[in-house]
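Dear colleague,

Please find below the structure that I am handing over to you. My findings follow directly after it.

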Amino acid sequence: MRTKKDKVIYKGKDMVVTKTIKLKSRGETDIINITDEVSSAVEKSKVKKGVVTLFVPGATGAITTVEYESGLVSDLKEAFEKWAPRHAEYNHNLKWSDGNGFSHVRASLLGPSLSVPFSGNKLTLGTWQQIIFIDFDNRPRTREIILQIISE
């Protein structure tokens, strides 16, 4: 994973730092822990207190928080298979024949964004809470996650 060069906007005392995390995913409900990349971006921004908003462009990816451990990762994948089964009939597939109707439904359940407050350049996540990106598409992808680090 890597981040692009910072884009910084100042308006009076307010500051917005925009960064992009680029990653490769395997698709098929690939769950990737991005906590370290987000934390590093906040620390390097020099913004002491505020909120970081994460957003994934696209309709088959999502962002949320979990306790990132193998048991829960498996549980989450199984839950999505129950809620929006891969091999169910989807109107999206009938219209577009791309076979990823389940991907769109799953991504819609979580959504494409998350906001996390921080203080002292540190994310205010719970002890076992990590930030994850989930790629629900039916194929590997290169994805970008946009971060906006906003001062208080």
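Lys46 sits in the loop that runs between helix 1 (35-45) and strand 5 (49-55). In this predicted model, the phi angle of Lys46 is near 70 degrees, a positive value in a residue other than glycine. For comparison, most residues other than glycine have a negative phi. Lys46 is exposed, because its relative accessible area is 62% and the cut-off for exposed is over 50%.

A positive phi also occurs at Thr29, where the angle is near 65 degrees. This residue belongs to the loop between strand 3 (14-25) and strand 4. Is Thr29 buried or exposed? Its relative accessibility is 3%, so Thr29 counts as buried.

The chain as a whole may now be described. Its secondary structure comprises 4 helices and 10 strands, and their order along the sequence is β-β-β-β-α-β-β-α-α-α-β-β-β-β. The C-alpha trace spans about 50 × 30 × 20 Å along its principal axes. The chain has 152 residues, of which 41% count as buried. If one takes the contacts between residues at least 6 apart in sequence, 77% of them join residues at least 24 apart. The chain exposes about 8,600 Å², and carbon and sulfur atoms supply 52% of that area.

Helix 2 (residues 70-83) deserves a separate paragraph. With 14 residues at 1.5 Å a residue, helix 2 should span 20 Å, and the distance of 20 Å between its end C-alpha atoms agrees with this. Which residues of helix 2 are buried? They are Val73, Leu76, Ala79 and Phe80. Viewed down the helix axis, these buried residues fall within an arc of 125 degrees, so they line one face of helix 2. The general reason is that an α-helix has 3.6 residues a turn, so residues three or four places apart point the same way. The cover over the buried residues of helix 2 includes strand 4 (30-33), strand 6 (61-66), helix 4 and strand 9 (130-135). Ser70 and Lys82, on the other side of helix 2, are exposed.

Finally, there is a nonpolar patch on the surface, formed by Trp83, Val105 and Leu109. Together these three residues have about 320 Å² of accessible area. Val105 is part of helix 4 (residues 101-110). Because its relative accessibility is 33%, Val105 counts as partly exposed.

Yours faithfully,
A colleague

Key: Residues numbered from 1 in each chain as written. Predicted model: local features only at pLDDT ≥ 70, side-chain atom pairs only at ≥ 80, totals over all residues. Heavy atoms only, no water. Patch = residues over 30% accessible without salt bridge, like charges linked within 9 Å, V, L, I, M, F, W, Y side chains within 5 Å. Areas by Shrake-Rupley, 256 points an atom, 1.4 Å probe, with all protein chains shown as cover. Salt bridge = Lys/Arg side-chain N within 4 Å of Asp/Glu carboxyl O. Helix = DSSP H or I, 4+ residues; strand = E, 2+ residues; numbered from the N terminus. Buried < 20%, exposed > 50% of the residue type's maximum accessible area, 1.4 Å probe, protein only. Expected span 1.5 Å × (residues − 1). Arc of directions from axis to C-beta. Contact = heavy atoms within 4.5 Å.
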